[in-house]
Amino acid sequence: MNASVIEHFKRAGHLDRMFIGGEWVLPETLARVGVVDPSTEETVAEIALGSARDVDAAVAQARSAFTTWSVSPVQGRALLLDRVHALILERAELFAQAISLEMGAAICFARSTQVPSAAQHIRVARDNLTRYPFITHRGDMAIVREAIGVCGLITPWNWPLYQITAKVGPALAAGCTVVLKPSELSPLSALLFAEVMHDAGIPPGVFNLVNGNGPEVGAALASHPDVDMISITGSTRAGVLVAQAAAPTVKRVAQELGGKSPNLILPDADLARAVPPGIAAAFRNVGQSCSAPTRMIVPRERLREVERIALEAVSGIVVGDPRSQQTTHGPVANRAQFNRVQEMIGIGIAEGARLICGGAGRPEGSSRGFYCRATIFTSVQSHMQIAQEEIFGPVLAIIPYDSVDEAVEIANDTVYGLGAHVQGHDLGAARAIAARIRCGQVHINYPAWNPHAPFGGYKRSGNGREYGLEGFEEYLETKAILGSQDAPAAPTRNPESQAFDESNGL
Ligand code: NAD
């Protein structure tokens, strides 16, 4: 099945290319990196690695395109996003195969979740664009919201397409032009995305893709004097480096970083309803989600009951070949991640946490591939390393509490503040607890995913918000125009932009 993704790239001839200024161009250097299939540990393709010089070329194109794209009509931008959305769905199977191959997602999961939810960010950006009041009035003052400029977008490998669309969709909708640097560990879905942009008819320079690693290409984007905003999703470590590199040019920095999200089960919760979805959420995408609720905080007197239900729920997880229809969970995405998970399981055991399933090593029957065992530690104490650090793998910590106040204290007891869950019968009480948790998003009793909900971190989980209206507004500047009784009714368009739109069918 994966052969067809690779065949696609061989036919398209894009593996050794960057997408800059509307064209597939060769990079400045000959550096290459292998794409490793985590289920076999074999290199299945090689992609070209860009350099700081490719970043310069891409930023120059984005800068030049900004003049016209930023003032292009809303309808034109909306039409383009419609086409991007439709093309992602039309090519969903190819995207699903690429994601499964590059980071190991079970094909069923890639098809049912990774790809459709990624497409949603484009639709939401389009809808926000068409409804957005770019000009409002306050007395004789006009408040104008304008595109911030050229945006550098740096994305991770765990939800590779989803993280790309969450940035590119609203940035383009707002009128920004972009240079995307996806993770060097998941470049295939990003290349497919660039093909979609090309085929949707993106005007040259509005969207550019430079593959490459963080320290060279990512850092060059972050420090570039002609980039107005840098948005990174990744580890807190990389987020800090990006902010440092961006500081001298005073650009806007948006950071979506790590997490260690709590799932607080209140004393009145129905455990049969509260625990199994918590297990599913903690292990979804093999635990490689920044907002995965990896700390289940439970009443001490109900600990044994929670453990029994958790063990039953985890027994439904089928770890195996991501290409098999029966597999629910593939391998973790890469060797570094595999080693990290193994190390943290060892640390949990050494710290004295009680292991009730899983553990170190590969699951029985697998001798290669980055497969990990679904692992649950219980009687975990909040100060332990496995309760404090993001593991980013299939490892859950169950932490008992004696009072609800203590539970809230535990929930807030990490440097992170990305997501949280609260389970309880009394909704009023659950909402009161939600208000006390220091994080960007709280889910009460497992509501359905809502792509309009702003997402982002308190504390070291980041700055700024993605998704929905707030995610769109991140890409806007605010201009106050004072002293005119007749505040402008619409942004002025220059004649160049009119010609540009017409020539691009917008
Ligand atoms: P990572 O930090 O290693 O890499 C993320 C991206 O940053 C990659 O594109 C990488 O090349 C780039 N990068 C690395 N060093 C850089 C540097 N010095 N300058 C510029 N760019 C640099 O993270 P990862 O391993 O790809 O992803 C896992 C991490 O991402 C986890 O910590 C996870 O919590 C976080 N994450 C956060 C969110 C969120 O929305 N908060 C979502 C997904 C993942």
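This passage describes how the ligand is held in a predicted model of the protein.

The ligand sits in the largest pocket. Domain 1 (16-257 + 461-489) and domain 2 (262-450) each contribute residues to the surrounding shell, so the ligand lies between the two domains. The shell around the ligand contains 29 residues. By class, 14 of these residues are nonpolar, ten are polar and five are charged.

Several elements of secondary structure take part in the shell. Helix H8 (214-223), strand S10 (229-233) and helix H9 (236-246) each provide at least two of its residues. The greatest contribution comes from H9, which gives four residues.

Of the residues around the ligand, those that come nearest are Thr-155, Ser-235, Leu-257, Cys-290 and Glu-390. Polar atoms of the protein also lie beside oxygen atoms of the ligand, both from side chains and from the backbone. In the case of Glu-390, a polar side-chain atom is found 2.5 Å from a ligand oxygen atom. For Thr-155, the distance between a backbone N or O atom and an oxygen atom of the ligand is 2.8 Å. A polar backbone atom of Gly-214 lies 3.3 Å from an oxygen atom of the ligand. The ligand taken alone exposes 840 Å², and 91% of that area is buried by the protein.

Methods
Residues are numbered from 1 along each chain as its sequence is written. This is a predicted model: local features need pLDDT of at least 70, side-chain atom pairs count only at pLDDT 80 or more; totals for chains, interfaces and linings use all residues. Side-chain values use heavy atoms; hydrogens and water are left out. A residue is near a molecule or strand if one of its heavy atoms lies within 4 Å of it. A polar contact is a pair of N or O atoms within 3.5 Å; within protein, one must be able to donate a hydrogen and the other to accept it, and residues adjacent in sequence count only if both atoms are side-chain atoms. Accessible areas come from the Shrake-Rupley method with a 1.4 Å probe; for residues, only the protein chains shown count as cover. On a 1 Å grid over the protein atoms alone, a cavity is a set of points where a 1.4 Å probe fits but cannot get out, and a pocket is an open set with protein on both sides within 12 Å along at least five of seven lines; lining residues have an atom within 4 Å of a point. A molecule sits in a cavity or pocket if more than half of its atoms lie within 2 Å of its grid points. Ala, Val, Leu, Ile, Met, Phe, Trp, Tyr, Cys and Pro count as nonpolar, Asp, Glu, Lys and Arg as charged, and the others, Gly among them, as polar. Domain bounds come from an automatic or database domain assignment.
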